[in-house]
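This report describes the strand arrangement, helix packing, pocket and selected local geometry of one protein chain. The text may be read alongside the sequence and the coordinates.

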Amino acid sequence: MTLCSITFQGELKHFLASDKDNGLIRIQLERRTSVKDLIEACGPPHTEVGALRIQGRPADFGHIVSPGEAIEVEPHSLPMNPFHATLLRPTPLNAHRFLVDVNVGKLAPLLRMLGFDTAYDWTWRDRTIADLAAREGRIVLTRDQGLLKRKKIVWGKFIWGRSPDKQLPEVLDFFGLTGPFALFSRCLRCNALLEEVDKSEIMHRLEPKTKRYFNRFQICPSCRRIFWRGSHHERMMRSIASMIGPSRLNTPLMEPSR
C-alpha cells in the first residue's frame with residue numbers, strides 16, 4: 001500500500017483545487033518526501049499551517065511520510081501568537097516586524113502609520129524577500145502562495161483581502177493586534193522611526209503658514225522628510241478609523257511635508 005491520506009481543516013481547504021471531500025485528499029507516494037512538501041503539493045503554503053498530526057501524534061515539517069499514514073493539517077488558532085515556540089516553529093519572534101511584497105504593497109504605509117516596522121521595496125524579488133525575512137525575523141505578508149512556500153520563510157500570512165481597507169483589519173485580527181498603536185511614529189516612505197526636531201533647524205524648509213501656525217515637528221533621519229500636525233489630520237484619521245475602528249486610535253497625525 002503506497003497511499004497516504006491528508007485531511008485539511010478550516011481555512012486551509014480554500015487552498016485546495018477542490019474541497020468536495022471535505023478537505024480529505026488521498027495521495028499515491030512515488031518517492032521519499034517530507035510532510036511539508038506533500039502539504040504544499042496539495043496547495044497550502046507551510047506558513048498557513050498551525051499544527052500537524054500524523055497517526056494522531058504531533059509532528060514537525062521534516063517528518064518523512066510513510067505509506068498508509070493519516071495526516072491531519074490544521075490552520076492557526078487565532079489570534080496567531082508568533083512569540084510562542086511550537087513544534088513547527090521552535091524559534092519564536094520577539095516583535096511584530098512585517099515584510100510586505102509588491103502585490104500587497106499598499107499595506108506597507110498603512111502598517112507604518114500604526115507604528116509597525118514594515119519593510120517594503122517594490123523591486124525586491126522573492127529570493128531577496130525570503131533572505132531578508134529569515135535574517136531579520138520578519139513576517140511576510142503576500143498574496144503569492146509560491147513565495148510563502150520558500151523554505152527560508154518561517155513566518156508569513158497569505159492575505160485574502162483584495163483591497164487595502166480589507167487587508168489591514170485582516171492582518172490586525174489575525175495577529176490579535178488591538179492597540180493602542182504608536183500612530184504616525186514612522187516615516188511612511190522609509191519606515192524609519194521619526195525624531196523630534198527643533199523648528200529653528202528646519203525653518204528654511206517651511207511654508208509661511210506652517211511657520212506661523214505650527215511649532216512641533218518631527219523628521220525622518222533617513223529621507224529627511226518633515227512631519228507636523230496639519231490640515232490633513234482629520235481626513236487621514238477618519239480614513240484609518242474607517243478601516244480599523246475609531247477605538248483603536250490613540251495618537252494625533254503628523255502631516256508629511258510636500
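The lining of the largest pocket comprises nine nonpolar, three polar and five charged residues. These values, like the others in this report, were computed from a predicted model. In total, 17 residues line the largest pocket, and those nearest its centre are Leu-88, Arg-89, Lys-151, Ile-153 and Val-154. The space within the largest pocket amounts to about 320 Å³. Rolling a probe the size of a water molecule over the atoms shows where empty space is left.

**The five-stranded sheet**

An open sheet is built from five strands in the order β2-β1-β5-β3-β4, and its pairing is mixed. Strands β2 and β4 occupy the edges with a single partner strand each, so one side of each has no neighbour in the sheet. Helix α1, which spans residues 35-42, packs on this sheet and touches β1, β2, β3 and β5. The direction of α1 makes about 65° with that of β1.

The strand pairs of this sheet are set out below, each with a bridge partner pair.

| Strand pair | Sense | Bridges | Bridge partners |
|---|---|---|---|
| β1 and β2 | antiparallel | five | Thr-7 and Leu-24 |
| β1 and β5 | parallel | four | Ile-6 and Ile-71 |
| β3 and β5 | antiparallel | five | Ala-51 and Glu-74 |
| β3 and β4 | antiparallel | two | Ile-54 and Arg-57 |

Between β1 and β2, Ser-5 also stands opposite Arg-26, the latter lying in β2. Strand β3 covers residues 49-54 and β5 covers residues 70-75, while β4 consists of residues 57-58.

Strands β3 and β4 form a hairpin, with two residues between them. What is notable about the backbone of Gln-55? Gln-55 has a positive phi of about 55°, although it is not a glycine. This residue, Gln-55, is located in the loop between β3 and β4. A second backbone feature is the cis peptide bond that joins Leu-78 and Pro-79, with omega at about 0°. Pro-79 belongs to the loop between β5 and β6. As background to both features, most residues other than glycine have a negative phi, and most peptide bonds are trans.

**The four-stranded sheet**

A further open sheet has four strands in the order β7-β6-β8-β9, and its pairing is parallel. Its edge strands are β7, at residues 118-119, and β9, at residues 156-158; each of them pairs on one side only. Strand β6, formed by residues 98-100, is joined to β7 by two bridges, and the two strands run parallel. Across this pairing, Leu-99 stands opposite Ala-119 in β7.

Which helices are in contact with strands of this sheet? Helix α5, residues 164-175, packs on the sheet and touches β6, β8 and β9. The direction of α5 makes about 130° with that of β9. Helix α3, residues 126-136, lies across β6, β7 and β8, the last of these strands being residues 139-142. Helix α3 runs at about 175° to β6.

**Aromatic pairs**

Eight aromatic pairs are present in the structure. One of them joins Phe-15 and Trp-160: the ring centres lie 4.9 Å apart and the planes meet at 50°, so the pair is classed as tilted. This pair connects distant parts of the chain, with 145 residues separating its two members. Phe-15 sits in the loop between β1, residues 3-8, and β2, residues 24-28. Trp-160 sits in the loop between β9 and α5. In general, a pair of aromatic rings is described by the distance of the centres and the angle of the planes.

Terms used. Residues numbered from 1 in each chain as written. Predicted model: local features only at pLDDT ≥ 70, side-chain atom pairs only at ≥ 80, totals over all residues. Heavy atoms only, no water. Pairing = 2+ DSSP bridges. Contact = heavy atoms within 4.5 Å. Axes fitted to C-alpha atoms, helices over the stretch in contact; angles between N-to-C directions. 1 Å grid on protein atoms, 1.4 Å probe; cavity = no way out; pocket = protein on both sides within 12 Å on 5 of 7 lines; lining within 4 Å. Points joined across faces, edges and corners; volume = space filled by probe spheres on them. Nonpolar A, V, L, I, M, F, W, Y, C, P; charged D, E, K, R; others polar. Phe/Tyr/Trp six-rings, centres within 6.5 Å; stacked < 30°, edge-to-face > 60°.
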